[in-house]
Amino acid sequence: MLKAVEEIQEALGEDAVSMDETDLESHAYSEWSTSNAETAPIAVVRPLSTEQVSVIAKICTKYRVPMVPYGAGSSVEGNFSAPYSGICIDLSAMDKIVAFHPEDMDVVVQPGVSWVALNEKIKDTGLFLPLDPSPTATIGGMVSTNCSGTNAMRYGTMKDYVLSMTVVLADGSVIRTRHRPRKTSAGYNLNSIFTGSEGTLGIITEVTVKLAVLPTNFGAATATFPTVKHAALAASQMIRKGAPLAALELMDEVQMRVINMNGGTGGKSWAELPTLFIKFSGSEHTINDGIESAQEAARQYQCQGFEFANTDAEIQSLWSARKEALWSCLAVRPEGTEIWSTDVAVPISKMADLIDQSKARAGKLGLFNTVLGHVGDGNFHQAIMYNPAKEDEKKAVEECVEAMMQQALVFEGTVSQECLVKELGPATIGVMKALKETLDPQSVKLGAYNLIT
């Protein structure tokens, strides 16, 4: 590994390589992830171009040194941890907008471009990238994880916006998946292979993303319910009845209490009840229809209060509670404890039952636990705080999470990487292995996850 680091320094310059302990730790550990490895990378390298990433990959392959691509580190899935040490390739310095084609409604970017910064730069053209994950996320990481976010209900996930990408393979060779047209039948859909592969098949160094028209009108509302199951059932009803919603999010009573403990949002204290956060966009007529439909569905499930906002300031105040959820939890975390975070998606019809069962099961532990999520597409997160030094506590949380994941699979849902074999079966995993071996014939450990290799 040290030989590889030395050659990379010679090729890219010493300023491109860091072996600072604090830098290494920040690229190996996340306080909001449950998938942290016990090891750290030996070095962090910050390339500036596709050519430099190719050089890094060639050197690492030569010495069979593991490589882990790194975006913003904002994911809860631990896909930037370094279980085999090796070299972390931090792509944050590759942050240029390469080309903007407003007439074609697409933009070409390097992977380190922030989606927030991009949208701010192009907003005067009436276009935007609709995905709405963590405000710190970068586009390369968003593609690698096939991110969703609060706008996924209306606009879909990142896979729906990738037109083309440039990828550096494990051996340093560079490929381009396709050209810019919205439609193509030229060969296999390589975009789908690399999108969501979390850096295990290649390192994304340039992306052409499709843009959407920025809505002219927005609205937001919150609805409170007596239990989290009532809230989840109301959410399912809103979806099933075709309410014209842009986003639909859920936070339980614990999460609302945490928001208040941190001073609320915009000077507002919240009712400490399970709460749906609803976003509307489009014409005034569409927004009004959305409000009426959402209120009708909410009333069927004992809605305790429905609050609507239509000015920008009011919308930001209502929506900021949902956007600050993770940071609010971290702020109240007692010293010595960790957050076990989960990420589960199930068919909409099963969502209320799984959320209710998971919350009830976790409630028996006597530990802090909370539920929130993108219920508009059947996706939710459960977070449990525990002390890892207490073996009985850690084991109880492990068993609780395992039960939730097993139930999600019974409901034909999808869970985390740990259950990949159970979820997809050995034959499907065999196809994945064959694909991995084709793109990485020398078996260089590329990416944090290598469960299929």
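This report walks through salt bridges, a charged surface patch, backbone angles and some distances in one protein chain. The model is predicted.

## Salt bridges

Side chains of opposite charge can pair when their charged atoms come close. In this model the count comes to 15 salt bridges. Three of them are set out below.

| Salt bridge | N to O distance |
|---|---|
| Asp-90 and Arg-46 | 3.6 Å |
| Lys-159 and Asp-160 | 3.1 Å |
| Asp-252 and Lys-359 | 2.8 Å |

Start with Asp-90 and Arg-46, whose side chains meet in a salt bridge. Asp-90 sits in strand β4, which covers residues 87-90. Arg-46 sits in the loop between β2 (43-45) and α3 (50-62). The two are 44 residues apart in sequence, so their pairing ties together separate parts of the chain. How accessible is each partner? Asp-90 is buried, because its relative accessibility is 4%, and buried means under 20%. Arg-46 is partly exposed at 27%. This pair also belongs to a network of salt bridges: Asp-23, Arg-46 and Asp-90 are linked in it.

Next comes Asp-252 with Lys-359. Their closest N and O atoms are 2.8 Å apart. Which parts of the chain does this pair link? Asp-252 lies in the loop between β13 (247-251) and α9. Lys-359 lies in helix α13, residues 348-363. The partners are 107 residues apart, and the pair links distant parts of the chain. Is Asp-252 buried or exposed? Asp-252 is buried, with a relative accessibility of 0%. Lys-359 counts as buried too, at 14%.

The third pair joins Lys-159 to Asp-160. Here the closest N and O atoms are 3.1 Å apart. Lys-159 is partly exposed, with a relative accessible area of 49%. Asp-160 is also partly exposed, at 30%.

## Around Val-254

Val-254 lies in helix α9, which spans residues 253-261. Is Val-254 buried or exposed? At 12% relative accessibility, Val-254 is buried, because buried means under 20%.

Which residues does Val-254 touch, leaving aside its neighbours within four places in sequence? The contacts are Lys-359, Phe-368, Asn-369 and Thr-370. Lys-359 has appeared already: it is the salt-bridge partner of Asp-252. Lys-359 therefore takes part both in a contact with Val-254 and in that salt bridge, where the limit is a nitrogen-to-oxygen distance within 4 Å.

Now take a distance. Val-254 and Ile-355 are 101 residues apart along the chain. Their C-alpha atoms are separated by 14 Å.

## A negative surface patch

Which residues form the negative surface patch? The patch is formed by Glu-391, Asp-392, Glu-398 and Glu-399. Glu-399 is found in helix α14, residues 391-410. Glu-399 has a relative accessible area of 49% and is partly exposed.

## Two positive phi angles

Most residues other than glycine have a negative phi, and most peptide bonds are trans. Two residues with positive phi are worth a look.

Asn-146 has a phi near 45°, a positive value in a residue other than glycine. Where is Asn-146? It lies in the loop between α5 (139-144) and α6 (152-155). Its relative accessibility is 25%, which means that Asn-146 counts as partly exposed.

Gln-302 has a positive phi of about 60°, although it is not a glycine. Gln-302 is found in the loop between α10 (284-299) and β15 (305-309). Gln-302 is partly exposed, with a relative accessible area of 47%.

## Two more distances

Gln-300 is also placed in the loop between α10 and β15. Gln-300 counts as partly exposed, at 45% relative accessibility. How far is Gln-300 from Arg-322, 22 residues apart along the chain? Their C-alpha atoms are separated by 24 Å.

Lys-350 lies in helix α13. This is the helix that holds Lys-359. Lys-350 is partly exposed, with 34% relative accessibility. Lys-350 and Leu-233 are 117 residues apart along the chain, and their C-alpha atoms are separated by 9.6 Å.

Technical notes: Residues are numbered from 1 along each chain as its sequence is written. This is a predicted model: local features need pLDDT of at least 70, side-chain atom pairs count only at pLDDT 80 or more; totals for chains, interfaces and linings use all residues. Side-chain values use heavy atoms; hydrogens and water are left out. Patches are made of residues with over 30% relative accessible area and no salt bridge: like charges are joined within 9 Å, nonpolar side chains (Val, Leu, Ile, Met, Phe, Trp, Tyr) within 5 Å. Accessible areas come from the Shrake-Rupley method with a 1.4 Å probe; for residues, only the protein chains shown count as cover. Lys and Arg count as positive and Asp and Glu as negative; His and the chain ends are not counted. The place of a charge is taken as NZ of Lys, CZ of Arg, CG of Asp or CD of Glu. Helices (H or I, at least four residues) and strands (E, at least two) are DSSP runs, numbered from the N terminus. Buried means under 20% relative accessible area, exposed over 50%, partly exposed in between (1.4 Å probe, protein chains only). Contact means heavy atoms within 4.5 Å.
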